[in-house]
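Reader: I would like to go through this structure and ask how each label was earned. Please show it to me before we start.

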Amino acid sequence: MTFTLHPKSCPLAAIRSLILQKKPNIRNMSSTIRGPRPASVVVLHRALAPAFETFCRANRGPLPLLGRSEPGKWVLPALGAISGTRMDRPQFRKYEFGTCTGSLTSLEEYSEQLKDMVTFFLGCSASLEGAWEKAGLPRRDPPGHGHVGAYKTTVPCATVAGFCCPLVVTMRPVPKDKLERLVQASCSLMGEQGQPVHIGDPELLGIRDLSRPDYGDPVPCQPGEVPVFWPSQLTSLEAVSSYQTPLAFTSAPGSTVMTDLKDLEAPAGCPTPEVHPISQDPLHYSITSASAVQKIRELEAVIAVDPGNRGIGHLLRKDELLGASLSLSHAHAALLTTGFPTHFSHEPPEETDGPPGAIALAAFLQALGKGVSMIVDRRALSLFQKLVEEAVEQGVLKTPVPILTYQGGSAGAAQAFLCNERDPKSPRFDHLVAIERAGRAADGNYYNARKMNIKHLVDPIDDLFLVAQKIPGISSTGVGDGGNELGMGKVKEAVKSHIRNGDVIACDVEADFAVIAGVSNWGGYALACALYILNSCEVHGRYLRKATGPSHAPGEQRWTEALPSVAKEEKMLSILVQHRVRSGVSGNVGMEVDGLPFHGTHAQMIQELLDITTGRQ
């Protein structure tokens with residue numbers, strides 16, 4: 001549609017700044033409107049306009065396209081306009097072959113060149129000021145009344161036809177206890193454009209020093225405040241520079257024109273975002289929708305039933321499944337471990353609880369495109385290689401999972417295993433997951449539920465979890481159903497008090513997240529389902545991709561196929577039975593886990609988890 005700028009709706013400074021050629025013809029890109037809106041501008045040769053428009057649409061977070069002129073029907077402002085800015089201050093930048101060659105207060109001398117150029121109007125972060133007011137927070141402006149600093153990141157924007165550049169972000173310090181209030185206020189006012197792209201350690205974005213922004217002036221963080229980052233339209237300057245076109249113009253940093261391209265309004269029914277911490281070192285928060293959180297909490301409640309009457313209700317902590325799945329969702333490479341050799345008088349001594357849950361989680365991590373490896377006891381290496389091979393043949397896994405072993409050694413062996421060239425700043429894995437894995441007790445031994453010491457069958461994989469606690473950037477999850485599993489050290493006092501033989505068998509090794517389930521396999525299934533829910537949530541998906549690149553369709557087909565299912569888990573259990581792996585409670589070789597029949601108990605649990613996940617109630 002065409003959209004005409006009406007001078008009556010603009011401040012006097014803006015009227016002075018606009019030189020209109022007959023009737024300006026501007027295509028409006030926004031769907032809902034409310035109030036005049038400040039915009040930054042990019043001016044390119046008409047031949048580049050289609051590619052740049054596509055580039056903006058592919059990266060609409062930092063480059064929200066409000067409108068564009070038609071070639072030859074718009075002459076750019078002679079002077080920029082922004083409330084409170086001196087009119088003699090440079091309002092535009094001139095670029096020649098990607099290099100900024102001048103700062104200008106007027107473009108009048110380029111009127112001939114402008115006839116073959118197109119002006120793009122981009123929304124800017126000035127609209128965030130209303131969110132601070134709505135959240136009841138005082139504004140924090142840079143000292144000296146400059147414009148808020150912006151930083152180049154190492155996050156690449158989606159490349160389109162030669163336009164390629166890093167994401168640029170602005171940062172505002174926010175009191176820790178006001179994070180969620182501000183995020184919800186900004187999203188309610190601006191929809192997805194009000195959602196931050198990162199909360200926490202700036203180095204996770206590749207920003208080394210907040211005191212040295214690439215544009216503007218820094219706003220220092222005070223004690224008790226957390227740095228919060230929003231995408232910046234100054235990304236457009238990097239895009240223009242990257243293309244190296246012979247001539248281009250942009251708004252100068254901190255300068256805008258006021259237009260009657262109206263401000264965005266959050267669409268009705270916009271998802272409510274929630275902010276959740278997922279790491280303290282480095283400091284990192286994640287965002288997802290309230291509806292996704294509610295579904296994951298339903299999963300957590302469902303798997304918390306206690307069919308063996310072990311007293312696991314005393315071990316439960318709220319939102320451990322949520323924290324674990326959020327952390328895994330941000331991970332690039334996960335290392336999974338399982339294997340509880342409780343049947344020490346049989347060969348193999350493993351039980352049927354653990355491997356199915358680990359392989360179900362591995363399948364979904366594969367579908368998300370994450371690196372996945374498994375680590376097991378060396379004596380069980382051949383068994384797990386066969387399990388994985390047959391899982392691929394049966395369609396339970398899409399592709400093989402590498403199987404690793406670790407037998408300890410020197411004090412630095414665990415760090416050498418976890419990190420490239422022993423460098424703690426370069427971890428090979430950023431999340432460790434143990435599902436029904438024998439865990440080391442306080443006395444250094446490993447016990448089954450009957451207090452039998454099985455240390456001779458267990459390799460010291462616990463060391464990896466202990467060392468990971470000291471390496472920034474590696475998180476961990478333990479899934480258990482009795483308190484003697486790796487990672488359950490987080491709830492060891494409850495295990496000692498409420499679980500039979502807990503004073504002896506309690507695992508002493510903590511994980512960041514302790515997921516408690518009636519059967520540990522169920523925890524693995526629930527983690528896979530929670531990851532599906534998160535990655536089908538546009539609020540979380542946008543945060544993951546830092547508002548760059550296209551969004552994934554909710555429930556992308558390969559994700560749906562990768563979810564655990566009754567049919568796939570039946571196949572997986574059949575594979576275990578063929579290899580004489582026994583049920584953990586009864587010791588039977590058959591279609592059961594922890595003494596509970598697959599058909600009925602476990603099949604019903606899997607279906608209930610799927611119904612919550614995919615919305616079929």
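Author: A salt bridge is a side-chain nitrogen of Lys or Arg within 4 Å of a carboxyl oxygen of Asp or Glu. Keep in mind that this is a predicted model.

Reader: What makes Asp481 and Arg310 a salt bridge?

Author: The closest N and O atoms of Asp481 and Arg310 are 2.8 Å apart. The limit is within 4 Å, so the pair is called a salt bridge. Asp481 lies in the loop between strand E20 (475-480) and helix H13 (492-498), and Arg310 in the loop between helix H7 (290-303) and helix H8 (320-330), so the pair ties together parts that are 171 residues apart in sequence.

Reader: Why is Asp481 called buried?

Author: Buried means under 20% relative accessible area. Asp481 has 1% relative accessibility, so Asp481 counts as buried. Its partner Arg310 has a relative accessible area of 28%. Exposed would need over 50%, so Arg310 is called partly exposed.

Reader: How do you know that Arg440 and Asp463 form a salt bridge?

Author: Their side chains meet at 3.0 Å, N to O, and the limit is within 4 Å. Arg440 is in the loop between E19 and helix H12 (462-468), while Asp463 is in helix H12, 23 residues apart.

Reader: Are Arg440 and Asp463 buried or partly exposed?

Author: Arg440 has a relative accessible area of 17% and is buried. Asp463, at 22% relative accessibility, counts as partly exposed. The cut-off for buried is under 20%, so the two residues get these labels.

Reader: What makes Glu192 and Arg60 a salt bridge?

Author: The closest N and O atoms of Glu192 and Arg60 are 2.7 Å apart. The pair links distant parts of the chain, 132 residues apart: Glu192 is in the loop between helix H5 (179-190) and strand E10 (198-200), and Arg60 in the loop between helix H2 (49-58) and strand E4 (65-69). Glu192 is partly exposed at 24%, and Arg60 is partly exposed at 41%.

Reader: How many salt bridges does the structure hold?

Author: The structure holds 19 salt bridges. Glu350, Asp377, Arg379 and Arg437 are linked in a network of them.

Reader: Why is Asp430 said to have no salt bridge?

Author: The nearest side chain of opposite charge, Lys370, is 7.3 Å away from Asp430. A salt bridge needs a distance within 4 Å, so Asp430 has none, although Asp430 is buried. Asp430 sits in the loop between helix H11 (413-418) and strand E19 (431-437). Among the residues that Asp430 touches are Ala331, His332 and Ala333.

Reader: How do you know that strand E16 is largely enclosed?

Author: In strand E16 (residues 333-339), 7 of the 7 residues are buried, so the strand is largely enclosed by the rest of the structure. Ala333, Leu335, Thr337 and Gly339 point one way from E16, and Ala334, Leu336 and Thr338 point the other way. E16 runs parallel to strand E17 (residues 371-376), with 5 bridges joining them. Thr337 has Ile375 as its bridge partner in E17.

Reader: Why is the largest nonpolar core said to lie between two domains?

Author: The largest nonpolar core has 96 residues, of which Ile199, Leu336, Leu361 and Phe364 touch the most other members. Helix H15 (residues 520-535) gives the most to this core, with 11 residues. Domain 1 (37-259) and domain 2 (276-614) both give residues to this core, so the core lies between them.

How values were computed
Residues numbered from 1 in each chain as written. Predicted model: local features only at pLDDT ≥ 70, side-chain atom pairs only at ≥ 80, totals over all residues. Heavy atoms only, no water. Helix = DSSP H or I, 4+ residues; strand = E, 2+ residues; numbered from the N terminus. Buried < 20%, exposed > 50% of the residue type's maximum accessible area, 1.4 Å probe, protein only. Lys, Arg positive; Asp, Glu negative; His and termini not counted. Contact = heavy atoms within 4.5 Å. Core = buried A, V, L, I, M, F, W, Y, C linked by side-chain atoms within 4.5 Å. Domains from an automatic or database assignment. Pairing = 2+ DSSP bridges. Lists of a residue's contacts leave out its neighbours within four places in sequence.
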